[in-house]
Amino acid sequence: MSTGLLADLRALLGEQGLIEGERLANRVYDTHVGPVRAKVLVRPADTSQVSAVLRLCHARGQPVVPHGGLTGLVHGCTATETELILSLELLNRIESVDIPGRTMRVGSGVALQHVQEEAERHGLIFPLDLGARGSCTIGGNISTNAGGMRVVRFGMMRSLVLGLEVVLADGTMLCSLNRMLKNNAGYDLKQLFIGTEGTLGIVTRADLRLAPKPRSSASAFVACSDFSSLTSLLGMLDERLGGQLSAFEVLWPDFYELTTTAPALSAPILPYGHGIYALVEALGADPDSDQERFERVLAEALELGLIADAAIAKSESERRAMWAPREDVFQMDRYGPSHSFDVSMAIADMPEYLRTVRRALEERVPGCRIFVFGHVADGNLHISVCAGTPERHAATFEIVERTVYEPLHGIAGSISAEHGIGLERKGYLEISRTQAEIATMRALKAALDPRGILNPGKVIDVHPA
């Protein structure tokens with residue numbers, strides 16, 4: 001970075017807004033973020049400062065890597081020595097809550113959990129929910145089009161964003177803030193910046209869609225004999241619960257046993273030995289009738305043989321105990337570093353896809369451990385492969401990736417259901433996108449960021465002007 005640009009940034013932001021040297025070196029980045037070797041980090045305090053920073057960087061062709069909560073898993077925030085980190089951590093204010101309209105306006109640096117808690121304070125909810133809720137930010141959720149536990153009911157992050165304020169690569173402030181559900185006045189420009197990982201513009205503020213706070217919550221942990229029974233159960237619950245099904249999290253036996261045996265803190269909820277397990281949650285408005293209907297439908301599923309065993313939560317503590325094994329994903333660390341994947345496909349394709357992947361992994365990486373869980377109702381599987389030692393993990397990285405991703409091509413599956421592309425998955429994008437689609441992505445990037453300064457190298461390769 002030139003000394004002239006550094007001086008201009010310091011004059012704009014002050015010493016507290018520009019971090020370098022030992023102060024930056026003292027910031028600890030988790031290994032899943034990827035290498036962060038940047039020498040300078042800026043912390044603009046508002047949208048106008050973000051605009052001014054990007055104006056300066058655009059004029060000098062300075063690459064910029066936006067940072068949010070740094071909970072991503074695809075190396076979307078890696079930064080080289082020559083790149084500038086633009087942290088949105090100071091854009092952390094909740095500006096307003098519109099109770100009649102059920103919307104909230106927030107800065108992109110606000111943590112997801114803070115948004116959830118503020119919505120609940122007003123008798124509402126923000127439905128997006130992730131395991132990293134305490135540290136992930138709204139800007140990061142938007143940039144990756146986050147999914148999480150409740151997509152089956154409320155949709156992806158894209159469904160929960162009404163409007164955005166974005167700063168383009170040249171510093172142009174694009175205000176598409178909007179609190180209306182209906183707005184067909186021309187192009188819906190916000191869609192360009194949802195799920196594009198900060199490569200087309202930097203989100204600074206957002207209007208979010210809220211929902212009424214449920215008055216009832218019913219949860220159960222069930223075991224099924226096989227995947228066919230599980231999908232029949234899903235269809236029955238979706239049909240019979242009157243639109244209240246809000247989560248359908250599936251745990252294959254390997255993952256369930258991993259997260260309910262020591263040193264994991266959770267105990268088994270149901271006995272081991274069943275074909276597959278699921279955590280079911282329904283959110284409604286009438287505590288008495290909703291719980292009765294929930295239990296009645298499960299009883300009918302048991303009579304039909306769709307469920308082999310079930311446990312129904314009778315308290316909030318029991319509900320939390322049911323969720324704990326599903327969220328304790330880091331238990332696999334006991335077997336060394338893991339290759340983690342986030343793929344999606346038609347539900348009907350899941351059994352054969354998993355058979356193909358397991359068979360190939362056992363042949364190509366003997367002795368590896370494979371753990372599978374996911375949001376099956378959304379077509380989303382999380383697959384983690386532990387190859388053993390760090391050395392073997394590194395040596396098997398490419399072969400494990402190819403083994404997991406290549407079968408997706410024949411079933412029109414996606415290499416990324418909700419985590420994004422970043423650097424880690426860029427080389428496999430052609431499995432899920434056509435050449436015409438990738439060419440269109442490059443055209444959009446060239447139009448909005450002709451000098452290629454925004455999060456360079458992420459998602460797609462481009463040749464800046």
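**Helix packing, salt bridges and local backbone features**

Helix 7 and helix 9 pack at an angle of about 150°, with 11 Å between their axes. This arrangement belongs to a predicted model, and the angle exceeds the cut-off of 145 degrees above which axes count as roughly antiparallel, so that helix 7 and helix 9 are roughly antiparallel to each other. The crossing of these two helices is right-handed. On the side of helix 7, the contact is made by L233, M236, L237 and R240, which meet R293, V297, L298, E300 and A301 in helix 9. By residue class, the contact of helix 7 with helix 9 comprises six nonpolar and three charged residues, with no polar residue.

R293, one of the helix 9 residues that meet helix 7, also takes part in a salt bridge with D290, in which N and O are 3.0 Å apart. Both R293 and D290 belong to helix 9 (residues 287–303), where they stand three residues apart, about one turn of the helix. The two partners fall into separate accessibility classes: R293, at 23% relative accessibility, is partly exposed, whereas D290, at 6%, is buried.

Helix 7 (residues 227–240) also contains S229, a residue that is buried at a relative accessible area of 12%. When neighbours within four places in sequence are left aside, S229 is in contact with C224, G305 and L306.

A second helix pair is formed by helix 11 (residues 350–364) and helix 13 (residues 397–405), which pack at an angle of about 160° with their axes 9 Å apart. Helix 11 is therefore roughly antiparallel to helix 13, and the crossing of this pair is right-handed. In helix 11 the residues involved are Y353, V357, A360, L361 and R364, and these meet I399, V400, T403 and V404 in helix 13. The contact of helix 11 with helix 13 divides into seven nonpolar residues, one polar and one charged.

Across the whole structure, the search for salt bridges finds 28. Among these is the pair of E165 and R205, whose side chains meet with an N to O distance of 2.8 Å. Because E165 lies in strand 8 (residues 161–167) and R205 in strand 10 (residues 202–209), this salt bridge ties together parts that are 40 residues apart in sequence. E165 itself is buried, with a relative accessible area of 8%.

A further salt bridge links E316 with R319, the closest N and O atoms being 3.1 Å apart. Here the partners are three residues apart in helix 10 (residues 316–327), and about one helical turn separates them. E316 is partly exposed at 40% relative accessibility, and R319 is likewise partly exposed, with a relative accessible area of 21%. The pair belongs to a network in which salt bridges that share partners join E281, E316, R319 and R320.

Among the strand residues, G374 has its place in strand 17 (residues 369–374), where it is buried with a relative accessible area of 0%. Not counting residues up to four places away in sequence, G374 touches F248, E249 and V250 as well as N380, L381 and H382. The C-alpha atom of G374 is separated by 8.7 Å from that of D342, a residue 32 positions away along the chain.

Three local backbone features were also identified in loops. Most residues other than glycine have a negative phi, and most peptide bonds are trans. The peptide bond from A262 to P263, however, is cis, with omega near 10°, and P263 is placed in the loop between helix 8 (253–258) and strand 14 (276–284). For R102, phi is positive, near 55°, in a residue other than glycine. R102 has its place in the loop between strand 5 (94–98) and strand 6 (103–107), and is partly exposed, with a relative accessible area of 38%. A412 likewise has a positive phi near 55° and is found in the loop between helix 13 and helix 14 (429–432); in terms of accessibility, A412 is exposed, with a relative accessible area of 72%.

How values were computed
Residues are numbered from 1 along each chain as its sequence is written. This is a predicted model: local features need pLDDT of at least 70, side-chain atom pairs count only at pLDDT 80 or more; totals for chains, interfaces and linings use all residues. Side-chain values use heavy atoms; hydrogens and water are left out. A salt bridge is a side-chain nitrogen of Lys or Arg within 4 Å of a carboxyl oxygen of Asp or Glu. Helices (H or I, at least four residues) and strands (E, at least two) are DSSP runs, numbered from the N terminus. Buried means under 20% relative accessible area, exposed over 50%, partly exposed in between (1.4 Å probe, protein chains only). Axes are lines fitted to C-alpha atoms, for helices over the stretch in contact, and angles run from 0 to 180 degrees between N-to-C directions. Angles under 35 degrees count as roughly parallel, over 145 as roughly antiparallel, 65 to 115 as roughly perpendicular and the rest as oblique. A crossing is left-handed if the near helix is turned anticlockwise from the far one by less than a right angle, and right-handed if clockwise. Contact means heavy atoms within 4.5 Å. Ala, Val, Leu, Ile, Met, Phe, Trp, Tyr, Cys and Pro count as nonpolar, Asp, Glu, Lys and Arg as charged, and the others, Gly among them, as polar.
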